[in-house]
Amino acid sequence: MSDRPAGRKLPLTGIRVVDMSVVWAGTFTTMAMADMGAEVIRVENTRFAPYGTRGIMLRPSDSLLKTRGMATAGYPDREAGERPYNRAAMFNVHARNKLSMTADYTRPEGLDIVKRLIEISDVMVENSAHGVMQRMGLGYEEVSRVKPDIVMLSMPAFGNTGPYAARVALGRHLECIAGHTLLRGYPDADPTWTTEVYHCDAAAGAMGMFAVMTALHYRRRTGKGQFIDLAQVETVIPQLGEAVMDYAMNERVQTTTGNRHPFAAPCGMYPCQGEDRWIAITVYTEGQWDKLCRVMGNPSWARKPSFLNRQSRRRNQDDLDKHISDWTRGEQDYDLMIRLQAEGVPAGPLMDERDCYRDPHIAERGFFEGVTHAECGTHLYPGMLWKQHRMPGSIRRPPCRLGEHNPYVYKELLGVSDEEYARLEREGHIGMDYHPSIVIHGRAST
Amino acid sequence: MNDSALSDIKVLDLTWYIAGPYCTKLLSDYGAEVVKVERPGTGDPSRQLGPFPEDRPDSEAGGLFLHLNTNKKGITLDIKSEFGKNALKELVKRADVLVESFSPRVLPSLGLDYKDFREVNPALVMCSISNFGQTGPYRDYRLSELVLNAMGTCMKMVGQPDREPLKLGGSILQYQAGVLAASATMIALYGAMDGQGEHVDLSLFETCLGSIDRRAPYLLAHQYTGQKEVTQRVGGGRGGIMAGCPEGIYPCKDGYFDVAGGVAWWEKNFALLGKPPELADPVYGTPDGQMDPARQDEILSVLYPWAMERTKQEISKAAEEARAAAAPLYSTEDLLKDPHFQERGSFVEIDHPHAGRLRYPGAPFRPALTPWRMERPAPMLGEHNEEVYAGLGYGEADLARLRSEGLI
């Protein structure tokens, strides 16, 4: 964390965001806004834990922590700790620079508190299923009555209109619908072998940032706020534009080509020395092919007519890949990247987390930032999505703990007295602990 | 147009291929005036990439180029010539934003870096998009979508454990960098309204490492869990990242569907399967029951026959009623024919002189007051030379001369 002089201006300094986002898509939108200086206030509720947000389970079992992969069990030292919901990597990764306040908005007084916060804010972001905010009493009609020039970004899975508006989906399901799942995977294997990915959360979250910024820009010019309907699935579709255009032009249904490329050859993952070490190599041009051959030591097989040009190499890729793999098996992945890149051939190792923390380029760019968190200790965190020279973003505060900023939000922003604060604490609006009856997610039972 | 969000912004676009053009497409689709500068003769190399109508190569009808350059104006200019450098500076003077995707040494070597542009336009917001950023030991390295997947930690966990790791589909990570570049540009512009300008340095590699999905979260999880463990590839029916069963992709009568599992979803999944009595014991929904291979076999022995009797649309409908998180695996054809996207108008048709009337991907979000628009198709090479150069004071005779000298 950098100790920036207080009050140093960032691009979004002065913008306040009411953040009711959950899981990953909306939270990614508000992450970038907080990084760039907006005051992002997460509105949370000690009596209601949204699904998959502060951990896949609010209080993960020992068996989950011991047996599962890092997404579900990414807790410091694999221990849940007293408040697991302040320690989950899947939440803390995006919660830096954000503030957290609590109010039980399912009760009238809590709802009123949220509205008082909306009244002094510029932006509201939510990505619950269509209809949830309306039922809560925080649909756009009500929100804009409280704050007429607010920019409200609503980003449900399928959007706020259309026959599927009410459907429940995770990011990976939207990739299934957008066609992405069938456009990746091994060409020779059944799709049941295709590993789920959650790229849609990243796609929708990034588009959410752009959407809010277009509306803030318009508001600055005209004074008008507005409602933005963002269907997460519609942010993935344009990212698969070639497949859409091919169908539109030729009614061709594209299928997975694995790691191969429509015209580059070779293009693949080749095994290197060590366990599960691989190098990615892509050869677009004849010049790059010559360079690759030179790095391989100009082997005689490379002069076979079947590898003469890109077209013939594409036709004989299985054979080509075998020859290249025989060579790469004896090589070290990073060393090969350096030698191939020196010749202008696109190549790079399969990187895992450990590699990233050792990588000299990432280190020199200062991508990781050290952060000390009161309940997690000190670690390196993935940092800024981009660099700005005059107003650089940085991790200025650790990930927000549940209710950590209640004193600031209630007393300084909303002007609540000490007596009133104590009463709201007693009545379960203000707090730093989820109700003990919530184990997985959802509502407190009493 | 007054009802476009960005109608007061002028963008100079020095980008090609995917990430940069997608960034400037987003700006132009929401109303900015984008002037795309291409090299004379060949233009953006993505013009040579397909898909093409009837697979006949035509640099004015490439699907990728048409998709990524809607609503832009196109000019040609040899920026390496003296004339080109001066004309570019004239254009920069008139722009609010410059987006470029040259490799980091190119513009400085031409005397055209951020400092040079600032001299003619101190308020300029410049967004530089590059493979690995403007600094660092890999700054000159080449990238492909595959290399980006591999180095960006996207592939490590995708595929079967005993086979090669797999990339994501198409060129999706380059598009993703383009969206983040558009966000960065707008955020920088918002902060630069004091007239002081800004330079954004966006690295495709870092946009990948820093993004949600399992890239950034796993990087942090690795730190948290003591730097011992790295992610492994998982896949196949029981292998999703969420603990439990059913969890993953399963076959059905006419294709495949994906259902999310684990303790959090068991009640919904039980309802999806029609509350079969043999799975009524609450133990199936406990963390231990969800993880027990014997219990998982029992769940799957109900799920497989249930699924094989149903089409993917029937399963979608049942999931909606049960509030379960499940979806069919669609082909692009399924997607374009789906009633939800037809009703929302998620694809729009527009005419193009070479490619004809085609459907394109539509609005990625819908602001109530400032709608997305599709006013014109991608420009043909140099289509707006007369208009744009007239604005710089060049007449017809000048253009003829420049054309004959290969400068535009």
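What follows is a chat between a biologist and a modeller about a predicted model with chains A and B.

Biologist: Hi! How many helices and strands does chain A have?

Modeller: Hello! Keep in mind that this is a predicted model. Chain A has 19 helices and 14 strands. Its C-alpha trace spans about 85 × 50 × 50 Å along the principal axes.

Biologist: And what about the secondary structure of chain B?

Modeller: Chain B comes to 17 helices and twelve strands. Its C-alpha atoms fill a box of roughly 85 × 50 × 40 Å, again taken along the principal axes.

Biologist: What share of the residues is buried in chain A, and what share in chain B?

Modeller: In chain A, 65% of the 446 residues count as buried. For chain B the figure is 64% of 408 residues.

Biologist: How about accessible surface? What do carbon and sulfur atoms supply in chain A, and what belongs to them in chain B?

Modeller: Chain A exposes about 15400 Å², and carbon and sulfur atoms supply 50% of that. Chain B has an accessible surface of about 13800 Å², with 49% belonging to carbon and sulfur atoms.

Biologist: Thanks. What share of the contacts in chain A with a separation of 6 or more comes from residues 24 or more positions apart?

Modeller: That share is 70% in chain A. The corresponding value for chain B is 66%.

Biologist: Let's move to where the chains meet. How do helix α9 of chain A and helix α7 of chain B cross?

Modeller: Helix α9(A) covers residues 199–222 and α7(B) covers residues 172–191; their axes come within 9 Å and cross at roughly 25°. An angle under 35 degrees counts as roughly parallel, so α9(A) is roughly parallel to α7(B). The crossing is left-handed.

Biologist: Which residues meet there?

Modeller: From α9(A), they include Ala202(A), Ala206(A), Phe210(A), Met213(A) and Arg220(A). On the α7(B) side, Leu173(B), Val179(B), Ser183(B), Met186(B) and Tyr190(B) are among them. The residues of this contact divide into 17 nonpolar, five polar and one charged.

Biologist: I'd like to stay with α7(B). How does α1 of chain B pass it, left-handed or right-handed?

Modeller: That crossing is right-handed. The axes of α1(B), residues 19–29, and α7(B) come within 7 Å and cross at roughly 50°. That makes α1(B) oblique to α7(B). The contact is made by Ala19(B), Tyr22(B), Cys23(B), Leu26(B) and Leu27(B) of α1(B), with partners in α7(B) including Tyr175(B), Gly178(B), Ala182(B) and Met186(B). Its residues divide into eleven nonpolar, three polar and no charged.

Biologist: So Met186(B) turns up twice?

Modeller: Met186(B) is listed in the contact with α9(A) and in the contact with α1(B). Val179(B) and Ala182(B) also appear in the contact with α9(A) and in the one with α1(B).

Biologist: Nice. Changing topic: why is helix α9 of chain B largely enclosed by the rest of the structure?

Modeller: Nine of the nine residues of α9(B), residues 216–224, are buried, so the helix is largely enclosed. Those buried residues include Pro217(B), Tyr218(B), Leu219(B), His222(B) and Gln223(B). After the helix comes Gly226(B), with a positive phi near 100°.

Biologist: What is Arg366(B) in contact with?

Modeller: Leaving aside neighbours within four places in sequence, Arg366(B) is in contact with Phe227(A), Ile228(A), Asp229(A) and Glu234(A) from chain A, and with Arg344(B), Gly345(B) and Ser346(B) from chain B. Arg366(B) is found in strand β12 of chain B, residues 366–367. Its relative accessible area is 23%, so Arg366(B) is partly exposed.

Biologist: Any backbone oddities I should look at?

Modeller: For background, most residues other than glycine have a negative phi, and most peptide bonds are trans. Here a cis peptide bond joins Gly50(B) and Pro51(B), with omega about -5°. Pro51(B) is in the loop between β2 and α2 of chain B. The bond from Cys245(B) to Pro246(B) is also cis, with omega near -5°, and Pro246(B) lies in the loop between α9 and β7 of chain B.

Biologist: And where is Val23(A) found?

Modeller: Val23(A) is in the loop between β1 and α1 of chain A. Its phi is positive, near 50°, and at 23% relative accessibility Val23(A) counts as partly exposed. Asp276(A) also has a positive phi, near 55°. The place of Asp276(A) is the loop between β8 and β9 of chain A, and Asp276(A) is partly exposed with a relative accessible area of 25%.

Technical notes:
Residues are numbered from 1 along each chain as its sequence is written. Chains are lettered from A and ligands numbered from 1 in the order in which they are written. This is a predicted model: local features need pLDDT of at least 70, side-chain atom pairs count only at pLDDT 80 or more; totals for chains, interfaces and linings use all residues. Side-chain values use heavy atoms; hydrogens and water are left out. Axes are lines fitted to C-alpha atoms, for helices over the stretch in contact, and angles run from 0 to 180 degrees between N-to-C directions. Helices (H or I, at least four residues) and strands (E, at least two) are DSSP runs, numbered from the N terminus. Angles under 35 degrees count as roughly parallel, over 145 as roughly antiparallel, 65 to 115 as roughly perpendicular and the rest as oblique. A crossing is left-handed if the near helix is turned anticlockwise from the far one by less than a right angle, and right-handed if clockwise. Contact means heavy atoms within 4.5 Å. Ala, Val, Leu, Ile, Met, Phe, Trp, Tyr, Cys and Pro count as nonpolar, Asp, Glu, Lys and Arg as charged, and the others, Gly among them, as polar. Buried means under 20% relative accessible area, exposed over 50%, partly exposed in between (1.4 Å probe, protein chains only). Accessible areas come from the Shrake-Rupley method with a 1.4 Å probe; for residues, only the protein chains shown count as cover.
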